[in-house]
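Here is a short report for a reader new to this structure. Take a look at the model, then read on.

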Amino acid sequence: MRSEYSGVQLTALVAVRFAIGWHFFYEGVSKFVNPYWTAAGYLESSQGFMSEYFLDLAANPGTLAFVDQLNVWGLILVGLGLMLGGLTRTATVFGIIMLLLYYLATPPWPGLEYTIPAEGAYLIINKTLIELCALLVTLFFPTGHIVGLDRLLRLARARGSVQESYA
Amino acid sequence: MSDDIRNGGEEIFDEPTGSMAEDSADEPTASPTESEVEADGAADLPPPAEPPSTSSQSGSGGMGRRDVLKALATVPVLGALGYTALRRRGLDADERRRLLDELGIEDEGAALFSEFETRTHPDKIRVGVIGYGEEGESLVRSLGFAHPDWFEERREAKLEDPRDTSLEEWLDQENLNVELTAVCDLFDVRAERAIVASTQTIRPGGDTRQLEPAKRYRHFEELVAAPDVDAVIIATPDHWHTRIAVAAAEMGKHVYCEKCMTRTEDEVWPMAEAVRSSGIVFQLGHQNRQMESHDKARQVIEKGILGPVTLVETTTNRNDPWGAWVWEIHEKGNPRSIDWELFQEEAANKVPFSLERFFRWRCWYDYGTGLSGDLLSHEYDAVNQILDLGIPHSATASGGIYFFKDGRDVPDVWQAVLEYPDRDLTLVYSATLANGYQRGIRMMGHDATMEVGPRLKVTADGLSTRYKEMLEEGFLKTDRPLLTYQTGFKGVDAVTTATQEYFASRGLLFTYRGGRRVSTYYLHLREWLSCIRYGGTPSCNIDRGIEEAITCHMATKSYREGRRVYWDPIERRIV
C-alpha cells in the first residue's frame with residue numbers, strides 16, 4: 001500500500017493530530033459544562049499590541065457572550081475534527097487561527113507582565129505557540145485521509161465522481 | 001482498499017501502525033488501484049485523475065471494511081474521552097448538589113442584582129452638600145454631578161490603562177432625578193468646584209438637563225434652612241457631624257452622614273434623638289452595606305456553615321501617606337480663603353490657623369478619632385452587617401505613633417479587642433498605616449473559616465465535628481475551599497475541582513454576566529433616596545449608626561485612657 005509516510009511517521013503524525021484534538025475538545029467541553037466560565041478574565045488580562053481589541057471584546061456584554069459561545073463551540077468542533085480526522089484541513093486552519101488569537105491576547109514577550117501566574121517560564125515561545133506550530137505540521141503533513149473520517153469522505157466523493165463519469 | 005477484502009482481516013491491524021511502509025510504492029504486490037485511491041484520499045492535495053475502473057474493484061463502491069476501520073480508528077478513544085468527561089461532569093454535578101444540599105445553601109443568584117431594575121423617579125430630590133472635600137466630591141459625583149477635572153482624569157486614566165471603565169460605569173448609572181442645589185464649604189476653592197459640578201450636562205442615565213448652579217452658603221444653618229433643599233449630605237470632619245445633622249433633622253431635611261457618625265460618645269444621643277423624633281430618612285456612609293458578598297456572607301452565617309464562630313479578625317493595612325491622612329495642602333489655602341474660626345468652632349481645643357489641621361484633620365483627636373472612626377468603623381460595620389453584633393460588652397485598645405511622627409496625636413498602628421460574651425465571640429481589629437499587606441476579614445468557626453472580601457471563601461476545618469464524615473471519606477478537603485462566592489457571578493459555586501478553584505481565586509472584581517459593575521457609593525446613596533421617595537429604612541440607619549459610633553468610641557476611650565472600658569446597657573454609657 002503506497003503512502004507518503006512510513007508507518008512510524010504516520011503514527012507520529014496521527015498522534016500529534018489526535019493529542020491536539022483531545023486538548024481542544026476537552027477545553028471546550030469543560031467550558032461548556034461550567035456555567036461560571038467566561039472568557040472575560042482572560043481577555044481582561046490581555047497585553048501587547050492587540051490588547052485594546054481584546055479588552056473591547058470583554059467590555060461589551062453582547063460581544064462577550066458571543067465570544068464565549070464561539071470559543072466553546074470552536075474548541076469542541078476543532079477538537080472533534082482533529083481527533084476524528086474529519087474535515088481535518090478546515091479544523092486545522094481554524095485551530096491555528098484560535099491559537100494565534102490566544103497567543104496574541106497574552107503574548108509572553110519581554111516587558112509584559114501578567115497577574116495570572118504561568119505554570120512555567122516562557123520567553124516569546126509558550127505552549128500555545130508550540131501547539132500552533134504542531135498544528136502547522138498537521139496542516140502540511142495531513143493524515144485525516146489515511147486515518148480518519150476524511151478517508152470515507154474522499155472515497156465517497158471518488159465513488160460519486162466515478163458514477164458521474166459513467167453517467 | 002479492495003485489498004482488504006482479498007486478504008482478509010489480518011492486515012487491518014497492521015495498517016495504522018505501519019503497513020504503509022515507505023517503500024510500499026516499490027512493492028510489486030501493491031495494486032495500482034490501491035495507490036490511486038490512497039492518493040485520491042489525500043485531503044489537501046488535488047486528487048489525480050480518477051480511472052473509472054476503480055469502483056469496480058470493490059464491491060462496496062470503493063469503500064472497504066479496512067477503509068471504514070481506518071477512518072474510524074480514532075473513534076474508540078474519543079468514546080473513552082467522552083465517557084470519562086461525562087462521568088466526571090456527572091460526578092462534579094452530584095458532588096456540588098450534595099454539598100449545597102448538606103450546607104442548605106440555595107443556588108440562586110445575587111439578591112442585589114435581581115432587584116436592581118432601573119426605574120424612573122417622577123419626583124425630584126434637591127440635595128445640598130456640606131463639606132465638599134475629597135469624600136464630599138465622591139458622594140456628589142455618585143449622585144451624578146462630576147467636576148470637569150474628573151472627566152479629564154478619567155480620560156487620562158483610560159489612555160494609560162484601557163481597562164479603566166470608571167467613566168462608562170458612571171455614565172451607565174441610573175438617572176436618580178436629583179439636583180445639587182446647595183453647597184457649604186469653608187474653603188472657597190472647594191465650594192466653587194461644587195458649583196461647577198452642579199451645572200455639568202454630562203450626567204449618568206442620559207440626563208442632560210441644564211440645571212441652575214448650586215447656591216453657596218457660608219454657614220450650614222442657612223443651607224439646611226433653604227427651601228430648595230430636601231436632603232443633605234454631611235461630609236465634613238467628624239466634629240461637625242452632630243451639630244449639622246441635628247440642625248438638618250430639625251428642619252425636616254433627610255440626612256446622609258459620613259462615618260464615623262459622631263466624634264464623641266456624648267454626641268451620639270442628641271443625634272439619635274433628632275433623627276428619631278423628626279422622622280427623617282438617615283443613612284450612615286458605610287457603603288460596604290451594598291456589597292453583594294456581605295449579603296451572601298450573612299447567609300453562610302445564618303445556615304450555620306461555620307459552626308459556632310468564636311473569633312473574628314478584621315484588619316486595615318495601608319502603606320502610603322495618603323492612606324495615613326497626609327492629604328494635599330491646597331496651594332490656595334490661606335486664612336482668607338478658609339473660614340478657620342468656623343472650622344474649629346466645634347473643636348475640643350482651639351488653636352491658631354493651621355493648614356495641616358484644616359487639610360489633614362484626621363490626624364488630630366480635636367476633629368476625628370483617627371483609625372477608630374475612619375477605618376475600624378468600616379470594618380466593624382461590615383462585621384455587624386454580617387453577624388448583627390451590636391455594642392460590645394467591653395473594649396481594649398492599644399497602639400502608638402510608630403511611623404508617621406509628623407505632629408499628629410492619633411496612632412498609626414492600632415489594635416482593638418472587642419468582647420461579646422453573650423455571643424461567645426471576640427472581635428479583633430488590627431491596623432497599621434505603614435504596611436500594605438492585605439489581610440481582609442476572617443470569621444473563624446468550629447466547623448469552618450470564612451474569608452470575606454469581594455469574594456467569599458469558606459474552608460472546612462480539619463477537626464470540624466459537623467464535616468467529620470465528609471472529611472474522612474475525602475469528600476471535603478481542607479486545602480480547598482468548600483464554598484466560594486464571587487461578586488457578580490451567577491450564584492454560589494460549591495468548588496470541588498481544582499480548575500474551578502483556580503478560576504475563582506483569580507480575584508476578578510466584577511463580571512459582565514447577570515449584572516454590571518456598579519459603585520457601592522452610588523448604591524448606598526440610591527438606597528437612601530429610594531427610602532426618601534418610597535419609604536422604608538436604609539440599611540445603615542440610626543440604630544446601626546449608634547452601634548458603630550459607640551463601638552468606635554469605646555475603643556478610642558480605652559486607648560486614650562489606657563484601660564479596658566465597658567458598656568453599661570442600663571445607663572447606656574461607656575464606663
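At what angle do the axes of helix 4 and helix 5 of chain A cross? They cross at roughly 135° and come within 8 Å. Axes here are lines fitted to C-alpha atoms, for helices over the stretch in contact, and angles run from 0 to 180 degrees between N-to-C directions. Helices are DSSP runs of H or I with at least four residues, strands are E runs of at least two, and both are numbered from the N terminus.

This is a predicted model, in which local features need pLDDT of at least 70, side-chain atom pairs count only at pLDDT 80 or more, and totals for chains, interfaces and linings use all residues. Residues are numbered from 1 along each chain as its sequence is written, while chains are lettered from A and ligands numbered from 1 in the order in which they are written.

**The helix pair**

Helix 4 of chain A covers residues 61-84, and helix 5 of chain A covers residues 88-105. Their crossing angle makes helix 4 of chain A oblique to helix 5 of chain A. Angles under 35 degrees count as roughly parallel, over 145 as roughly antiparallel, 65 to 115 as roughly perpendicular, and the rest as oblique. The crossing is left-handed: the near helix is turned anticlockwise from the far one by less than a right angle. From helix 4 of chain A, A:G74, A:V78, A:G81 and A:L82 take part in the meeting. Their partners in helix 5 of chain A include A:T88, A:A91, A:F94 and A:M98. Contact means C-beta atoms, placed from the backbone, within 7 Å.

**Chain A**

Chain A has seven helices and zero strands. Its C-alpha atoms fill a box of roughly 60 × 35 × 25 Å along the principal axes. A residue is buried if 20 or more other C-beta atoms lie within 10 Å of its own, exposed if 12 or fewer, and partly exposed in between. Buried residues make up 40% of the 167 residues in chain A. Two residues from chain A are set out below.

| Residue | Helix of chain A | C-beta neighbours inside 10 Å | C-alpha separation |
|---|---|---|---|
| A:A40 | helix 2 (residues 40-44) | 20, buried | 23 Å to A:I124 |
| A:D56 | helix 3 (residues 51-59) | 14, partly exposed | 43 Å to A:L152 |

**Chain B**

Chain B has 22 helices and 16 strands. Buried residues make up 42% of its 575 residues. In helix 15 of chain B (residues 292-302), the buried residues are B:E292, B:S293, B:H294, B:K296, B:A297 and B:V300. B:G304 follows that helix, with a positive phi near 70°.

**The cores**

In soluble globular proteins, nonpolar side chains tend to be buried together. A nonpolar core is a set of buried Ala, Val, Leu, Ile, Met, Phe, Trp, Tyr and Cys residues joined through C-beta atoms within 7 Å. The largest nonpolar core has 116 residues. Among the residues that touch the most other members are B:V129, B:I234 and B:V255. Helix 22 of chain B (residues 542-561) gives the most to this core, with eight residues. Domain 2 (95-113 + 290-322 + 365-518 + 540-574) and domain 3 (120-288) of chain B each supply at least three residues. Those domain bounds come from an automatic or database domain assignment. A second, separate core of 27 residues includes A:V72, A:L82, A:A91 and B:A71.

Note on methods
Two residues are in contact if their C-beta atoms, placed from the backbone, lie within 7 Å.
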